[in-house]
Amino acid sequence: MVIVGGGVIGCEFASLFAALGSRVTVVEAMGRLLPLPGVDEACVKTLHREMKKRGIRVLTSAGVESMEEAGGLCRVRIGASPFAAEAAAAPKHDGEAVEASCVLICVGRRANTDDLGLERIGLETDARGWIPADDRLQAAAEGVYAIGDALGPDRVMLAHVATAEGRIAAENALGGSLTMSYDVVPGAVFTSPEIGVVGLSETEALEAGLNARAETVLFRTLGKAQVLGELAGEAKIVFEGKTGRLLGAHLVGPGATDLVAETALALRMGCSVRDVADTIHAHPTLAEILQELSAKAAGRPFHA
Ligand SMILES: Cc1cc2nc3c(=O)[nH]c(=O)nc-3n(C[C@H](O)[C@H](O)[C@H](O)COP(=O)(O)OP(=O)(O)OC[C@H]3O[C@@H](n4cnc5c(N)ncnc54)[C@H](O)[C@@H]3O)c2cc1C
């Protein structure tokens, strides 16, 4: 199988099909997998390494030049990235052809609002077909609210965000006055190993001019990870150097998509690394990584 696009969906399907025995090649136009600013570089490096270990071939800064069918197979010719900057920075791909019985396109999403008759209620979409709405999720027509993917990529296109938006829109439609906040939105990537992220990455925090620091703890240091036999991965927290206030958490490893919930709550409540470090975590659990990590960030590691 050739998967075009090494974003969240491409990497998830690559992990899934490789686990089922398919030989998978991922072609990604950018210089790294999961090229999203909110996903920490270290998580991506670990994922890339683990995907390679599982036999998944990953071609970054690469594009698909052509595809042709022959003898029941699809011949996919690999070329330069379609993005000029990536193509210039990366070593040239030599036009190698990969033969696959299946090609999965995992790039881009577009609006599906053309034939809804929105114009009949006085609602205009933007140039790309997405539905504009204000902070209360009220759309441009009186009494009409919009939620979910139809709001477009300027918001966050995730199922749990759509659910949160739905609750706000319903309250407001019934006379409430709630505003939708996108400040703390956890993200889950169901790869092997999985990834859970929330808040700022280290790069984002530094680019925002914050006095940010980061600490990392490996999953292999946990008893529970040893028992599970799932040793690959690490957790990183980003925090304000002076106050210790949490800014973000980025985990790749066993249970990462569940563990991120604790840091989402801590971020939302404005907790510091001391707050998390002083919270007793049960042993042996994967959640201990957050306590160890926070203790390390607070300068008082238990085991380091
Ligand atoms: C492969 C894939 C994996 C994903 N994995 C995750 C994940 O792990 N976690 C996560 O949070 N998000 C994930 N997402 C994103 C998530 O699916 C969307 O953000 C979420 O479904 C958006 O909800 P929604 O209600 O806005 O739209 P949708 O879930 O797309 O619902 C819209 C519904 O409207 C229907 N519809 C369309 N046109 C009409 C019409 N004219 N009349 C009546 N009905 C119509 C559609 O059939 C559809 O059922 C994933 C997306 C994809 C594509």
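Hi everyone, let's start in the core. The largest nonpolar core here has 26 residues, and the ones with the most contacts inside it are Phe-219, Ile-237, Leu-246, Leu-251, Leu-259 and Ile-289. Before I go on, please keep in mind that this is a predicted model.

So which elements give two or more residues to this core? They are strand E11, covering 234-240, strand E12, covering 246-252, and three helices: H7 at 256-268, H8 at 273-277 and H9 at 288-297. Helix H7 provides the largest share, with six residues.

Let me step back for the overall picture. The protein chain has 304 residues, and 44% of them count as buried. Its secondary structure comes to nine helices and 12 strands. If you follow the C-alpha trace along its principal axes, the chain spans about 60 × 55 × 35 Å.

Now, on to the ligand. Which residues are around the ligand? Going along the chain, we meet Ile-9, Asn-112, Leu-116, Gly-148 and Asp-149, then Met-157, Leu-158, Ala-159, His-160 and Ala-162, and finally Phe-190. Sorted by class, that shell has seven nonpolar residues, three polar ones and one charged one. Helix H4, residues 159-173, gives the largest share of the shell, namely three residues.

There are some polar contacts to point out as well. Met-157 has a polar backbone atom 3.4 Å from an oxygen atom of the ligand. For Leu-158, a polar backbone atom is 3.3 Å from a ligand oxygen. With His-160 it is the side chain that takes part: one of its polar atoms lies 3.2 Å from an oxygen atom of the ligand. How much of the ligand does the protein cover? On its own, the ligand has 990 Å² of accessible area, and the protein covers 42% of that.

While we are at helix H4, have a look at Asn-172, which lies in this helix. Asn-172 is buried, with a relative accessible area of 3%. Its side chain reaches the backbone nitrogen of Ser-177 at 3.2 Å.

Next, the cysteines. How many disulfides does a search of the whole structure find? The count is zero. Take Cys-11 and Cys-106, for example. Why is there no bond from Cys-11? The closest cysteine sulfur to that of Cys-11 is in Cys-106, and because the distance is 9.2 Å, it is too far for a bond. Looking from the other side, the closest cysteine sulfur to that of Cys-106 is in Cys-11, again at 9.2 Å and too far for a bond. For comparison, the cut-off for a disulfide is a pair of sulfur atoms within 2.5 Å. Both residues are worth a glance for burial too: Cys-11 is buried at 0% relative accessible area, and Cys-106 is buried at 17%.

Let's move to the backbone, beginning with two cis peptide bonds. One runs from Ser-192 to Pro-193, with omega near -5°. You can find Pro-193 in the loop between strand E8, residues 187-189, and strand E9, residues 195-199. Another cis peptide bond runs from His-283 to Pro-284, with omega near -5°. Pro-284 sits in the loop between H8 and H9, and H8 and H9 are elements we already met in the core.

Then there are two residues with a positive phi. Ser-61 is not a glycine, and yet its phi is positive, about 50°. This serine is in the loop between strand E3, residues 57-59, and strand E4, residues 62-70. Is Ser-61 buried or exposed? Ser-61 is buried, with a relative accessible area of 9%. Leu-137 is not a glycine either, and its phi is positive at about 70°. To find Leu-137, look in the loop between strand E7, residues 103-105, and H4. Leu-137 counts as buried, at 0% relative accessibility.

My last stop is Ala-89, which lies in helix H3, residues 84-89. Is Ala-89 buried or exposed? Ala-89 counts as exposed, at 68% relative accessibility. Along the chain, Ala-89 and Gly-31 are 58 residues apart, and their C-alpha atoms are separated by 8.8 Å.

That's my tour, and thanks for listening!

Key: Residues numbered from 1 in each chain as written. Predicted model: local features only at pLDDT ≥ 70, side-chain atom pairs only at ≥ 80, totals over all residues. Heavy atoms only, no water. Near = heavy atom within 4 Å. Polar contact = N/O pair within 3.5 Å; in protein donor to acceptor, adjacent residues only side chain to side chain. Areas by Shrake-Rupley, 256 points an atom, 1.4 Å probe, with all protein chains shown as cover. Helix = DSSP H or I, 4+ residues; strand = E, 2+ residues; numbered from the N terminus. Nonpolar A, V, L, I, M, F, W, Y, C, P; charged D, E, K, R; others polar. Buried < 20%, exposed > 50% of the residue type's maximum accessible area, 1.4 Å probe, protein only. Core = buried A, V, L, I, M, F, W, Y, C linked by side-chain atoms within 4.5 Å.
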